[in-house]
Amino acid sequence: MKTKYVIGVDIGTTSAKSVLYAKDGTVIANHGIEYPLYSPTPETAEQNPAEIFSAVLNTVKRTMQVSNVDPNDILCVSFSSAMHSVIAVDEEGNPLTECITWADNRSSDWAEKIKTEMNGHEIYLRTGTPIHPMAPLAKLVWLRNEYSELFSKTYKFISIKEYIFYKLFGKYVIDYSIASSNGLFNIYTLSWDEEALKVAGVTPDQLSEPVPTTYQLTGLDENYAKEMNLLPSTPFVVGAGDGVLSNLGVDAIEPGVVAVTIGTSGAIRAVSDKPITDPKGRIFCYALTENHWVIGGPVNNGGMIFRWARDQLGEVEAAAAKRLGKDPYDVLTEIADRVTPGADGLLFHPYLAGERAPLWDSNARGSFFGLGMHHKKEHMIRAVLEGVIFNLYTVLLALEELIGEPKKIHATGGFARSELWRQMMADIFNQDVYIPESFESSCLGAAILGLYSLGEVESLNVVSDMVGATFHHTPNSEHVAIYEDLTPIYISVSRQLQQEYESIAAFQKKWV
């Protein structure tokens with residue numbers, strides 16, 4: 001029987017990636033194209049929609065060229081996308097704004113007003129999206145109040161994935177997953193939430209049509225089909241958000257299996273068969289399918305904190321590593337490994353970019369706590385690494401209140417290259433940690449969802465046959481005891497400093 005293939009595309013925050021898989025999950029070819037994130041001010045994080053569209057076209061084109069696969073053998077192209085983006089477009093679909101990304105904080109004051117003055121918590125309980133500047137709900141309130149002329153000229157407010165599908169097919173659709181991450185969509189009725197729309201000042205006509213994540217679009221624009229070396233009849237599956245598809249791609253969709261990702265940022269996610277929201281507002285709830293709901297929390301501060309430590313604390317070591325042909329991160333982890341767990345009583349709160357879960361506070365700031373004369377640079381580097389894991393652990397504790405203690409942790413992302421960092425996670429979480437052997441998990445998740453949409457596989461659980469494990473770490477009981485003593489101190493410090501976070505952020509906005 002002739003081999004059939006599927007392409008998984010991920011429209012990420014920093015790049016677009018395409019992976020061509022055989023139907024059994026074997027990687028045949030892949031290609032990625034980076035694009036810039038524009039930050040003219042500390043609060044701004046935008047991208048150019050045209051640059052991203054071009055990257056998507058060219059990454060699919062290049063993947064097809066490298067694979068030399070017959071376009072007739074492509075079953076479908078299925079999509080993953082970063083969540084929370086907003087683009088205002090006119091009636092011809094032309095952008096009136098750049099793509100305002102999840103990392104944009106300009107709506108922070110309005111997010112706070114939604115929380116305190118506009119029934120924000122009740123809206124969260126129905127929509128599953130915490131009230132935060134990342135959410136399109138907050139972005140729309142900000143645009144309506146501060147850019148009223150632009151707002152009134154807008155035909156539709158869409159995400160980057162909707163923009164790309166409109167360009168390819170001339171139709172505005174939004175999958176339940178992306179919709180469930182914008183703070184405007186009722187996850188219990190699978191429809192736009194009336195109160196949220198009223199707060200945002202938009203009507204359903206100004207948004208796209210919500211569709212299941214398995215929804216297929218056909219009739220691809222012939223010019224774009226030719227450019228990507230695909231047939232115009234190739235089905236495109238709308239797919240889901242990158243985080244929920246990553247859970248699928250690392251085989252973390254069974255009850256009790258928790259996925260932890262540390263890339264530039266980070267997240268903890270588990271799957272439920274029904275929507276769940278948190279009375280304390282700490283976690284999100286986004287759709288994978290109508291019967292798979294991903295709950296968890298994203299953190300702003302993941303691997304980029306290690307990069308900050310390399311640049312600010314490890315400049316000498318990084319230069320030495322370069323001369324020796326070594327990875328500077330390996331050199332720094334070797335230094336950190338000389339220090340006992342707990343960094344001799346030094347804690348680091350990694351809120352250098354504000355924080356989403358568990359604080360949901362864009363004003364949060366980083367700090368070393370417990371610093372004494374006995375501490376050296378290596379203590380600070382270890383405390384930085386531990387601080388990222390401690391922060392993720394506090395998100396897991398919130399998640400455990402809703403779903404119970406996890407049975408298994410699947411961890412992925414750039415951090416997994418470090419044996420020390422992987423072991424820290426096992427020790428701080430006091431859980432066995434498995435590192436799945438998964439290449440581009442969001443692309444794989446999209447591909448499996450596409451196959452499921454076409455009826456080519458009976459269940460999403462086929463992922464378990466496609467993903468192995470490369471590492472397995474068990475907790476060290478001595479280390480666990482140390483971290484159990486430090487965890488309540490870590491949590492208490494961040495809670496005690498909430499007012500101070502607001503004050504220092506105000507100072508920085510005024511004087512820095």
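Cysteine 76 is buried, with a relative accessible area of 0%, where buried means under 20% relative accessible area with a 1.4 Å probe and protein chains only. Cysteine 285 is likewise buried, at 0%. This is a predicted model, in which local features need pLDDT of at least 70, side-chain atom pairs count only at pLDDT 80 or more, and totals for chains, interfaces and linings use all residues. Residues are numbered from 1 along each chain as its sequence is written, and side-chain values use heavy atoms, with hydrogens and water left out.

**Disulfides**
- The whole structure holds zero disulfides, a disulfide being a pair of cysteine sulfur atoms within 2.5 Å.
- Cysteine 76 forms no such bond because the closest cysteine sulfur, in cysteine 443, is 13 Å from its own sulfur, which is too far.

**Helix H13**
- Helix H13 spans residues 328-336, and its buried residues are Val331, Leu332, Thr333, Ile335 and Ala336; a helix here is a DSSP run of H or I with at least four residues, numbered from the N terminus.
- An α-helix has 3.6 residues a turn, so residues three or four places apart point the same way.
- The buried residues of H13 pack against helix H11 (303-312), helix H12 (315-324), helix H14 (377-403) and helix H15 (419-429), with contact meaning heavy atoms within 4.5 Å.
- At the N-terminal end of H13, aspartate 327 acts as a cap: one of its side-chain oxygens lies 2.8 Å from the backbone nitrogen of tyrosine 329, and a polar contact is a pair of N or O atoms within 3.5 Å, where within protein one must be able to donate a hydrogen and the other to accept it, and residues adjacent in sequence count only if both atoms are side-chain atoms.

Notes: Buried means under 20% relative accessible area, exposed over 50%, partly exposed in between (1.4 Å probe, protein chains only). Helices (H or I, at least four residues) and strands (E, at least two) are DSSP runs, numbered from the N terminus.
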